[in-house]
Amino acid sequence: AAAAAADGAGAGVDASATVVSPVQLVAYAATESVTAVASGPRLASAEGVRHIIAAGLETGTVLLLSLMLPAAGDVSPTLTLLFTVQPNASFVADVTRLCWQPTPAQPAANAPLPLLAASSRDAFVRIYSLRL
């Protein structure tokens, strides 16, 4: 009886019930190892909320991804590549850190994206001013 109580059986919990997790997994498979990630601004619209994510790779490349969390509960979130920073504006060694400029909780609809700071093992720091 002690074992049944420990696992929830007999305590008002149906052991055969399906447990639904509040966590939904979305993934983007980069072509190289990801060495840095930073969650950036949130952009709200009627379709849902889009989060801009920066990812730095071991090759020195910086990617911008879009995590779309739809307003409709029956639609799954998506994670897609927005664009890759051009090679002449990237690093020659792995990206070590990424950091977005802080933004207001409710940015204006036409506000530019905040600055993105990035550092690399090649001893450079780059500040990106991005437009989507």
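This passage describes the second largest pocket and the nonpolar cores of a predicted model. Residues are numbered from 1 along each chain as its sequence is written. In this predicted model, local features need pLDDT of at least 70 and side-chain atom pairs count only at pLDDT 80 or more, while totals for chains, interfaces and linings use all residues; side-chain values use heavy atoms, without hydrogens and water.

A pocket is an open set of points on a 1 Å grid over the protein atoms alone, where a 1.4 Å probe fits, with protein on both sides within 12 Å along at least five of seven lines; lining residues have an atom within 4 Å of a point. The volume of the second largest pocket, taken as the space filled by probe spheres set on the points, is about 190 Å³. Its lining includes V26, Y28, V34, I53 and L79. Strands (DSSP runs of E, at least two residues, numbered from the N terminus) contribute to this lining: β1 (34–45), β2 (48–57) and β3 (62–70) each supply at least two residues, and β3 gives the most, with three.

A nonpolar core is a set of buried Ala, Val, Leu, Ile, Met, Phe, Trp, Tyr and Cys residues joined through side-chain atoms within 4.5 Å, where buried means under 20% relative accessible area with a 1.4 Å probe, protein chains only. The largest such core has 16 residues, and V62, L98 and W100 are among those with the most contacts inside it. β1, β2, β3, β5 (95–100) and β6 (116–120) each give two or more residues to this core, with the largest share, three residues, coming from β5. Apart from it lies another core, of seven residues, among them A55, L57, L67 and L79.

Conventions: Helix = DSSP H or I, 4+ residues; strand = E, 2+ residues; numbered from the N terminus. Buried < 20%, exposed > 50% of the residue type's maximum accessible area, 1.4 Å probe, protein only.
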